[in-house]
Amino acid sequence: MELVRATEAAAIRAVPWIGRGDKMGADKAAVDAMRKFLGTVDFDGVVVIGEGEKDQAPMLFNGERVGTGKGPSCDIAVDPIDGTSLTAAGRQNALSMIAVSERGTMLDASSVFYMEKLVAGPEGVGVVDIRKPIGENIRALAKAKNKPVEEMQVAVLDRPRHAQLIDEIRAAGAGTRLLLDGDVAGGINAARYETRIDMCVGTGGSPEGVATACAIKALGGLIQGRLAPQDDEERQRGIDAGLKMDHVYEADELVRSENTFFVATGVTDGGLVEGVRRKGPIIRTESVVLRSRSGTVRRVIADHLASKWL
């Protein structure tokens, strides 16, 4: 619940910036709120996946220590707003999120920005593989889910680099759910039984892949990632950092822990959580909390007295 307080605070503080066209303003408001609340949590946290380097304050930077320093030692992945562009434009699916695992268990993939990812629910375990053609994976997953191929929905970021992938998905007979931003929520929804998304594929941020893995481990789903350096220099930088190129990272390599937490609060409405809502004197937030050790998913609806946030 202490982690939920941090994502709730970041989401609430981002609300005045929704639709204002100012990504940096929204991000700063969320970062400041999250940092303040994380400072009250009884743990010794190190940000493994943050938003920026130390000289680019006020971002929560890689290597920053958070918490009171008391309690368990943890790796932290933070994104005060996953979907700053969505927030600035007033679009759906922006959220505030934190992922936590035991110290030294999160893969630090920060030296290679992009990662090719494949995410599916429990039915995809041992059935789909990122090394196979997308059409083959769609047909195999449809069979495992006892679902017609034409009813399959595959989420993918709407980017020029995915034009061929989108064509291949449609050629296989499946439909696409194009994401403007925020493939963390897309990946989680692909692993949940109650959504229409069956799979999430494509190239997105490496840090987001590691954070998503913390959630997928609580859902019993499948996530695979393969680093996608953009040039030889970035590739060498990744090798120097100890990362494996041309290697398929499974969930247990992305996060080497069986006790992960993933917490997200909606900023704007989306398929995973509803956005912040003002109801008279009350500000209402919706959050989701996933824990891998117990395999639980909890939803937290909170009403905050608006006068306390003025």
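# A tour from helix 8 to the cavity

Select Gly242 to begin: this residue sits just after helix 8 and takes a positive phi of about 90°. The model on screen is a predicted one. Now go to the other end of helix 8, which covers residues 232-240. Asp231 caps the N-terminal end there, with a side-chain oxygen 3.2 Å from the backbone nitrogen of Glu233.

**Two asparagines with positive phi**

Next, select Asn93. Its phi is positive, about 80°, although Asn93 is not a glycine. Follow the backbone on both sides and you will see that Asn93 belongs to the loop between helix 3 (84-89) and strand 4. Asn93 is partly exposed, at a relative accessible area of 30%.

Then select Asn146, another residue other than glycine with a positive phi, here near 55°. The loop that holds Asn146 runs between helix 4 (134-144) and strand 6 (153-157). Is Asn146 buried or exposed? With 72% relative accessibility, Asn146 counts as exposed.

**Asn259 and its partners**

A third asparagine is the next stop. Select Asn259, in the loop between helix 9 (251-254) and strand 11 (261-266). Asn259 counts as buried, with a relative accessibility of 13%; the cut-off for buried is under 20%. Show the side chains of Asn259 and Arg291: a polar contact of 3.1 Å joins them. Extend the selection to the other contacts of Asn259, sequence neighbours within four places left aside. Besides Arg291, these are Val100, Ser101, Glu102, Ser292 and Arg293.

**Val100 in strand 4**

From that set, pick Val100. This residue is in strand 4, and its relative accessible area of 5% makes it buried. Which residues does Val100 touch, apart from neighbours within four places in sequence? The contacts are Leu3, Cys74, Asp75, Ile76, Met106, Asn259, Thr260 and Phe261. For a distance check, draw a line between the C-alpha atoms of Val100 and Val15: the two are 25 Å apart in space and 85 residues apart in sequence.

**The second largest pocket**

Keep Val100 selected and add Met1, Leu3, Phe43 and Phe261. These five residues lie nearest the centre of the second largest pocket, which is lined by 20 residues. The volume of this pocket is about 380 Å³. To see the elements around it, colour helix 1 (2-14), strand 3 (73-82), strand 4 (95-102), strand 11, strand 13 (282-291) and strand 14 (296-305); each of them supplies at least two residues of the lining. Colouring the lining of this pocket by class gives twelve nonpolar, three polar and five charged residues.

**The cavity**

Now turn to enclosed space. How many cavities of 30 Å³ or more are there? The count comes to one. The largest cavity has a volume of about 80 Å³. Its lining is made of 13 residues, and those closest to the centre are Lys117, Asp183, Cys200, Val201 and Gly202. At least two lining residues come from each of strand 5 (114-120), helix 6 (183-191), strand 8 (199-205) and helix 7 (206-219). Strand 8 gives the most, with four residues. By class, the lining of this cavity holds five nonpolar, five polar and three charged residues.

Stay here and select helix 6. Nine of its nine residues are buried. They are Asp183, Val184, Ala185, Gly186, Gly187, Ile188, Asn189, Ala190 and Ala191; Asp183 is also one of the residues closest to the cavity centre.

**Cysteines, to finish**

Return to Cys200, another of the residues closest to the cavity centre. Cys200 is buried, with a relative accessible area of 6%. Why does Cys200 form no disulfide? The closest cysteine sulfur, in Cys214, is 16 Å away from the sulfur of Cys200, which is too far for a bond; a disulfide needs the two sulfur atoms within 2.5 Å.

Select Cys214 next. Cys214 counts as buried, at 0% relative accessibility. Its closest cysteine sulfur is in Cys74, at 11 Å, again too far for a bond. Cys74 has already appeared on this tour, among the contacts of Val100. A search of the whole structure finds zero disulfides.

Notes:
Residues are numbered from 1 along each chain as its sequence is written. This is a predicted model: local features need pLDDT of at least 70, side-chain atom pairs count only at pLDDT 80 or more; totals for chains, interfaces and linings use all residues. Side-chain values use heavy atoms; hydrogens and water are left out. Buried means under 20% relative accessible area, exposed over 50%, partly exposed in between (1.4 Å probe, protein chains only). A polar contact is a pair of N or O atoms within 3.5 Å; within protein, one must be able to donate a hydrogen and the other to accept it, and residues adjacent in sequence count only if both atoms are side-chain atoms. Contact means heavy atoms within 4.5 Å. On a 1 Å grid over the protein atoms alone, a cavity is a set of points where a 1.4 Å probe fits but cannot get out, and a pocket is an open set with protein on both sides within 12 Å along at least five of seven lines; lining residues have an atom within 4 Å of a point. Grid points are joined across faces, edges and corners, and a volume is the space filled by probe spheres set on the points. Ala, Val, Leu, Ile, Met, Phe, Trp, Tyr, Cys and Pro count as nonpolar, Asp, Glu, Lys and Arg as charged, and the others, Gly among them, as polar.
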